[in-house]
Amino acid sequence: MEILLPIVFVIFIIIISGIRIDQEYQRGVIFRFGRFSKVRGPGIYWVIPLIDQKECVDIRTNTVDIESQETVTKDSVTIKVNAVMYYKIIHPEKAIISVRNYKQASYQAALTALRNIIGQHPLDEVLKDRDIINNAIKNIVDQITEAWGLKIELVEMKDVELPENMQRAMAKEAEAVREKRARIIKAE
């Protein structure tokens, strides 16, 4: 009886140490002896202590702030653009296994796509057709991140900063157009 009590206590401790709980928005990616086993959660479940390892993945929509980047438009105007990207993890096992750091990788993919797409459009289109550019960036990044188990929900350019000399030139152009209209109206 004296030997049985410590054995029961050790078994009880082992069972308790294998209990895991994930919230509704979390999934546990389970590795058994270093190999992918399954995705578990939400709720309570049990893993084999010392044999199974768990990586927790948040499946809620995440935001990535793409910092202001200097880029050149198709008509050789240097502008600063910043954007925001929203993504969601669809396949937690791919997000952990396929890429080392899915957050950093998705950020870099969005940054590269933003610069490439801006470089394919003249300044007028960048300022006027933001929806088209946003969709083009979203589609490119979504193709890249699909293999990582991520789904890009939205990419939005937040701000486009023009150089000061370009702002002055655009203001002069607008003023010249208004003056031209005024002269036409006056002549009529």
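Of the 188 residues in the chain, 32% are buried. That figure, like everything else here, comes from a predicted model, so a word on confidence is in order. Across the chain the pLDDT averages 89, and 95% of the residues score at least 70. Confidence isn't spread evenly over the elements, though: strand β2 (residues 26-32) has the highest mean pLDDT, at 96, while helix α6 (residues 164-187) sits at the other end with the lowest, 72.

As for what the chain is built from, the tally is 6 helices and 8 strands. Reading from the N terminus, the order goes α-β-β-β-β-β-β-β-α-α-α-α-β-α. The overall form isn't a neat ball: the radius of gyration is 27 Å, well over the 16 Å that the globule rule gives for 188 residues, so the chain is more spread out than a compact globule. The box around the C-alpha atoms, taken along the principal axes, comes to roughly 115 × 25 × 25 Å.

Contacts within the chain often link residues that are well separated in sequence. Counting contacts with a separation of 6 or more, 63% are between residues 24 or more positions apart.

Then there's the outside. The chain has an accessible surface of about 12400 Å², and carbon and sulfur atoms hold 54% of that surface. On the charge side, the chain carries 27 positive and 26 negative charges, and the mean positions of the two sets lie 2 Å apart.

Notes
Residues numbered from 1 in each chain as written. Predicted model: local features only at pLDDT ≥ 70, side-chain atom pairs only at ≥ 80, totals over all residues. Heavy atoms only, no water. Helix = DSSP H or I, 4+ residues; strand = E, 2+ residues; numbered from the N terminus. Rg over C-alpha atoms; globule rule 2.2 N^0.38 Å. Buried < 20%, exposed > 50% of the residue type's maximum accessible area, 1.4 Å probe, protein only. Contact = heavy atoms within 4.5 Å. Areas by Shrake-Rupley, 256 points an atom, 1.4 Å probe, with all protein chains shown as cover. Lys, Arg positive; Asp, Glu negative; His and termini not counted. Charge placed at Lys NZ, Arg CZ, Asp CG, Glu CD. pLDDT = per-residue confidence, 0-100.
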